[in-house]
Amino acid sequence: MLIDATLVRRLLAAQFPRWARLPLSPVRQSGMDNATFRLGTGLSVRLPRYAHWAGQVEREHRWLPHLAPHLPLPVSEPVAQGEPGEDYPYPWSVYRWIEGDTATTEGLVDPVGTARDLAGFIKALRSIDATGGPGPEPGNAFRGVPMGDASDSLAADSLVRGRIDALEKTRLVDTDAVTEVWEAALAAPAWDRPPVWIHGDLDAGNLLTVQGRLSAVIDFGTLAVADPAVDLLPAWKVLPGPARDAFREAVGLDDATWARGRGWAVAGSLPVPDDPFFQADPTRVTAALRHLHAVVEDHRRHGS
């Protein structure tokens, strides 16, 4: 589906005419699941590309106002919810614009400080009353399900093993070592406490920095009440080694949860040759291999 500025302007004119004449431009790095546009100086517009993600609009509008006051960093702030129209079939959102750059490992001026700030954010999130919160489901890509769960998620055992097999043919990575990490994640005891709030996708693209310091967390479309292991992803996908150790200490989760977190990191970092995500940008393959190396080394160091 083509989602361009012309479509967005038609939607705004029909539903929110007070914003229809503001400057509008696509953001530099729009995601594969949603198209995002900057609107004026203080707003953004975000539109799901596929029906599968349409439920994330309601999830953010329902729950972010509940979560935001308890969190130590700015988060996405819904301003208005749009409805299907103008030949666009899904609900969509207007948000408050948050200034910042996408986090990069190289761009962090104080990686250990960032690790502690991020751990503090995750601890605050999981401490919020989770009564009535949504569990993992198709609309959040089943983020937070038990490791190896048969649901259509990144952590489905059959999917992960199939991708490891496909990757083996490329000789890009030691797939035996990757399999060892995955099997350790499957063998780790499951989360046996009440489910807690999770972001679900704490990848670098959803972490903003200002002058190299963590400044905001965005894109809560995969939020749920579930196993917090999936929120450990930044340990391997954003933080360098010494900061990873500080993050592990500060986040306050047990060895089993850490092992399951490695499993999520493996599941999300397998650069299978025929995956459109990796075909679209070769630098993603390089980044994914770096993440896999970090996960394997962490497993070897800690063994749990």
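**Exercise 1. State how many cavities of 30 Å³ or more the rule gives, and describe the largest cavity.**

Solution. The count is 1 cavity of 30 Å³ or more; the model is a predicted one.
- Volume: the largest cavity holds about 40 Å³ of space.
- Lining: the residues are N34, R46, L47, P48, W53, Q56, V57, E60, S93 and Y95.
- Elements: β3, α2 and β5 (92-96) are those that give two or more residues to this lining.
- Classes: the lining of the largest cavity divides into 5 nonpolar, 3 polar and 2 charged residues.

**Exercise 2. Work out the strand order of the open sheet and find which strands are at the edges.**

Solution. Begin with the pairing in general: strands of a sheet pair through backbone hydrogen bonds, either parallel or antiparallel.
- Order: 5 strands make up the open sheet, arranged β1-β2-β3-β5-β4 with antiparallel pairing.
- Edges: β1 (24-26) and β4 (78-82) each pair on one side only, which makes them the edge strands.
- Turn: neighbouring strands of the sheet are turned by 25° against each other on average, with direction ignored.
- One pair in detail: antiparallel β3 and β5 are joined by 4 bridges. S44 has Y95 of β5 as its bridge partner.
- Packing: α2 lies on the sheet in contact with β2 (34-39), β3, β4 and β5. The direction of α2 makes about 145° with that of β4.

Y95 thus appears twice, as the bridge partner of S44 and in the lining of the largest cavity.

**Exercise 3. Place Y50 in the chain and classify its exposure: buried, partly exposed or exposed?**

Solution. Y50 sits in the loop between β3 (43-48) and α2 (55-67).
- Exposure: the relative accessibility of Y50 is 44%. Buried requires under 20% and exposed over 50%, so Y50 counts as partly exposed.
- Contacts: leaving out residues up to four places away in sequence, Y50 touches M32, D33 and Y90.
- Distance: L125 is 75 residues from Y50 along the chain, and their C-alpha atoms are 28 Å apart.

**Exercise 4. List the buried residues of helix α7 and name elements that cover them.**

Solution. Helix α7 spans residues 241-251.
- Buried residues: these are A243, R244, A246, F247, R248 and V251.
- Spacing: an α-helix has 3.6 residues a turn, so residues three or four places apart point the same way. A243, A246 and F247 are among the buried residues to examine in this light.
- Cover: the elements over the buried residues of α7 include α3 (111-127), α6 (234-237), α8 (255-267) and α10 (282-302).
- End of the helix: G252, just after α7, has a positive phi of about 70°.

Definitions and conventions: Residues are numbered from 1 along each chain as its sequence is written. This is a predicted model: local features need pLDDT of at least 70, side-chain atom pairs count only at pLDDT 80 or more; totals for chains, interfaces and linings use all residues. Side-chain values use heavy atoms; hydrogens and water are left out. Buried means under 20% relative accessible area, exposed over 50%, partly exposed in between (1.4 Å probe, protein chains only). Contact means heavy atoms within 4.5 Å. On a 1 Å grid over the protein atoms alone, a cavity is a set of points where a 1.4 Å probe fits but cannot get out, and a pocket is an open set with protein on both sides within 12 Å along at least five of seven lines; lining residues have an atom within 4 Å of a point. Grid points are joined across faces, edges and corners, and a volume is the space filled by probe spheres set on the points. Ala, Val, Leu, Ile, Met, Phe, Trp, Tyr, Cys and Pro count as nonpolar, Asp, Glu, Lys and Arg as charged, and the others, Gly among them, as polar. Two strands pair if DSSP finds at least two bridges between them. Axes are lines fitted to C-alpha atoms, for helices over the stretch in contact, and angles run from 0 to 180 degrees between N-to-C directions.
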